[in-house]
Amino acid sequence: MRLNCVSQPQQDRYQLPGGGFATLALLSFAMLIVSLDQYIVVVALPAIGRDLGYSAQTLQAVISAYAVASSGFLLFGGRAADQLGRRRMLATGLTLYALASLAGGLADRPGIQLSARALQGLGGALIFPSTLALINTTFNEGPERNRALGIWGGSGAAGLVIGVLLGGVLTRVLGWQAVFFVNVPLAVLALGLLFFVVAADSPRDATRSFDLAGALSATVAITLLVFALVQGPELGWGSPWVVGAITAGILSAVTHVLVERRSGNPLVPPRLIRNRTLLIATSIAFMFMATFGSLLYFLSIYLQNVRGYGALEAGLGFVAPTAAVVTGSAVAGNVVSALGLRRTLLGALLVGALGSVALALAMTPDSSYLALLPGLIAVSIADGIVFTAIFIAGATGVGAGEQGVASGIVSTGSGIGAVIGLALLVLAANAHLDGLAGEQLRHATSDGARTAVLWIGCGIVLTFFIASRLRIPSTK
C-alpha cells in the first residue's frame with residue numbers, strides 16, 4: 001500500500017525573518033519538550049511506583065515503554081517527514097504528545113500509564129526527525145548548520161537533565177501526575193505557533209509514493225525486537241512473550257527486506273546505507289544513549305534511595321549538570337567548525353569516560369553531593385557536546401530530500417541504545433538486591449548504582465574507538 005507524498009526540492013529553504021531565527025527557536029522548543037519527557041518521570045518514579053503498584057524490577061518500564069515505541073517508529077517518522085510533509089508530521093506528533101500526556105497523568109494503574117507512555121513515544125518519533133530535518137534543510141551545511149544544531153542540540157541535551165529537575169519540583173509540589181500534565185500546555189503552545197512560524201509543506205508530487213508497507217514492516221520489526229531485548233532479562237528468554245516477539249520480529253524484518261527489494265521508492269535509499277559517516281553516527285548514537293542517556297536514572301536512584309533525598313532535593317541536584325549540558329551543546333557547533341567533527345567527538349568522549357569513572361568512585365553510601373560534582377560536571381559537558389556532534393555527523397553529505405530519513409536512522413539508533421542500555425544496566429545494578437532491607441539494601445543499592453556507572457564508563461571508551469573511525473574533512 002502506498003500513499004502520495006510531498007516533493008522536497010534538493011535546495012528547499014524556508015525564507016523567514018531574522019535568518020530563520022523564529023524557525024530555529026520553535027524547533028528547539030519542540031525538541032526540548034520531547035527530550036524533557038524522556039526523563040521528567042525519573043525523579044517521580046518512587047512515588048509512581050508506590051501509588052500504582054510497580055515493583056523494583058518493573059519500574060523501569062515507565063521509561064522503557066516510551067523508548068520502545070519511540071525507537072520503533074523513528075524511521076517511519078523520518079521518512080514520513082520527507083515524503084508526507086515535515087510541518088504536517090510535526091503537528092501530528094505534537095497533537096499525539098499532548099493527548100498521551102493527559103492520559104498518563106490521569107492513569108490509575110500501570111497498564112493505562114504504560115500505554116500512554118508508548119503513545120508519547122510515538123508522538124516523539126514524529127517530532128524528533130521532523131525538527132531535525134527542518135533544521136538541516138533550513139541552514140546550509142557547515143558552520144551555519146553547526147551553529148543551528150548547537151542550539152537545537154542544547155535544547156535536547158538540556159531537556160534530558162532539566163526534566164529531572166522539573167520532575168522533582170512538580171512531584172514535590174503537585175504530585176507525580178504533574179510530570180505528565182505539564183507537557184499538555186507546552187505541546188499545545190508549540191502546535192499553535194507552528195502554523196505561524198514554519199512555512200507550509202510543498203504540494204504533493206503524485207509521481208512519488210510513500211512506501212507504507214516497507215515503513216510498517218520495519219516499524220513492527222524494530223518494536224518487537226526491542227521489546228524482546230528489554231523484557232528478556234525480566235521475563236526470561238524462554239518466556240512465550242519473548243520468544244513470540246523475537247519470532248514475529250524476525251519475520252517482520254524478512255518481510256521488510258522482501259518488500260524493499262520490490263519497492264521503487266524504498267524506505268531507506270541504498271545510497272544512505274552506503275553512507276559510512278551516517279552509519280558511524282548511528283553507532284555512536286546507539287552507544288551514547290546506552291551510556292550517557294542511562295546515567296540520570298542511576299544517579300536519581302542513588303540520590304533518593306541511598307542518600308535519602310526527596311524528589312525536590314534530587315531535582316535540585318541536577319541544576320549544576322543542567323548548566324554543564326547546556327554549555328557543552330551550545331559550544332559544540334562552533335567547536336566542530338573549528339576543530340573538526342572527529343577531534344571534537346574524541347575529546348568529548350575522553351572527558352566523558354574520565355568523568356563517569358570519577359563519578360562512580362564517589363558514589364559511596366555516605367558520600368556528599370560535593371564529592372559527586374567533579375565527575376558529574378565533566379560527564380555532563382561531554383554529554384552536551386557529543387549529543388550535538390552526533391547529529392552534525394548524521395546530516396553531513398545527505399541531500400535535502402533525505403534529511404528526514406537520515407535523522408530517523410540516527411534517532412532509531414539512539415532509541416534502541418536507550419532501551420537496551422538501560423535494561424542491561426538495571427539488571428547489573430539490581431543483581432544483588434533480592435531479600436535485602438534496611439541498611440543492607442541501602443548499601444547494596446549504592447554498590448549497584450556504582451557498578452552501573454562504571455559499566456557506563458566502559459561503554460563510553462568503546463564509543464571512543466567507534467568515533468575514531470570517522471574520516472570526514474574538518475567543517476571550517
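This passage describes the confidence, nonpolar cores, selected residues and salt bridges of a predicted model. Local features were taken at pLDDT of at least 70 and side-chain atom pairs at pLDDT 80 or more, whereas totals for chains, interfaces and linings use all residues. Residues are numbered from 1 along each chain as its sequence is written, and side-chain values use heavy atoms, with hydrogens and water left out.

The protein chain has an average pLDDT (the predictor's confidence in each residue, from 0 to 100) of 83, and 91% of the residues score at least 70. Among its elements, helix α15 (residues 341–362) has the highest mean pLDDT, 95, and strand β1 (residues 2–6) the lowest, 39. Helices (H or I, at least four residues) and strands (E, at least two) are DSSP runs, numbered from the N terminus. Over residues 1–19 the pLDDT stays under 50, and the model has 60 contacts beyond four places in sequence for this stretch; a contact means heavy atoms within 4.5 Å. Where pLDDT is low, the predicted coordinates should not be read in detail.

A nonpolar core is a set of buried Ala, Val, Leu, Ile, Met, Phe, Trp, Tyr and Cys residues joined through side-chain atoms within 4.5 Å. Buried means under 20% relative accessible area, exposed over 50%, and partly exposed in between (1.4 Å probe, protein chains only). The largest nonpolar core has 123 residues, and Trp152 and Phe298 have the most contacts inside it. Helix α12 (residues 276–306) gives the most to this core, with 17 residues. Not counting residues up to four places away in sequence, phenylalanine 298 touches nine residues by name: Met363, Leu422, Leu425, Val426, Ala429, Ala449, Ala452, Val453 and Ile456. A second, separate core of eight residues includes Ala67, Val68, Ile222 and Val226.

Two buried polar residues were also examined. Serine 101, in helix α4 (residues 86–106), counts as buried because its relative accessible area is 0%. Beyond four places in sequence, serine 101 touches Gln120, Phe180, Phe181, Asn183 and Val184. Threonine 219 lies in helix α9 and is buried, with a relative accessible area of 4%. Its contacts, leaving aside neighbours within four places in sequence, are with Gly72, Phe73 and Phe76.

Isoleucine 466, in helix α18 (residues 438–467), is partly exposed at 22% relative accessibility. Outside its neighbours up to four places away in sequence, isoleucine 466 touches Ile280, Ser283, Ile284 and Met287.

A salt bridge is a side-chain nitrogen of Lys or Arg within 4 Å of a carboxyl oxygen of Asp or Glu; the count comes to six. Arginine 86 and aspartate 82 meet in one of them, at 3.1 Å from N to O. Both partners are buried, arginine 86 with a relative accessible area of 0% and aspartate 82 with 1%. In another, the closest N and O atoms of arginine 145 and glutamate 141 are 3.8 Å apart; arginine 145 is buried at 6%, while glutamate 141 is partly exposed at 44%.

Arginine 442 forms a salt bridge with aspartate 366, with 3.1 Å between the closest N and O atoms. Arginine 442 lies in helix α18 and aspartate 366 in the loop between α15 and α16, so the pair ties together parts 76 residues apart in sequence. Arginine 442 counts as buried at 17% relative accessibility, whereas aspartate 366 is exposed at 59%. Salt bridges that share partners join Asp366, Glu439 and Arg442 into one network.
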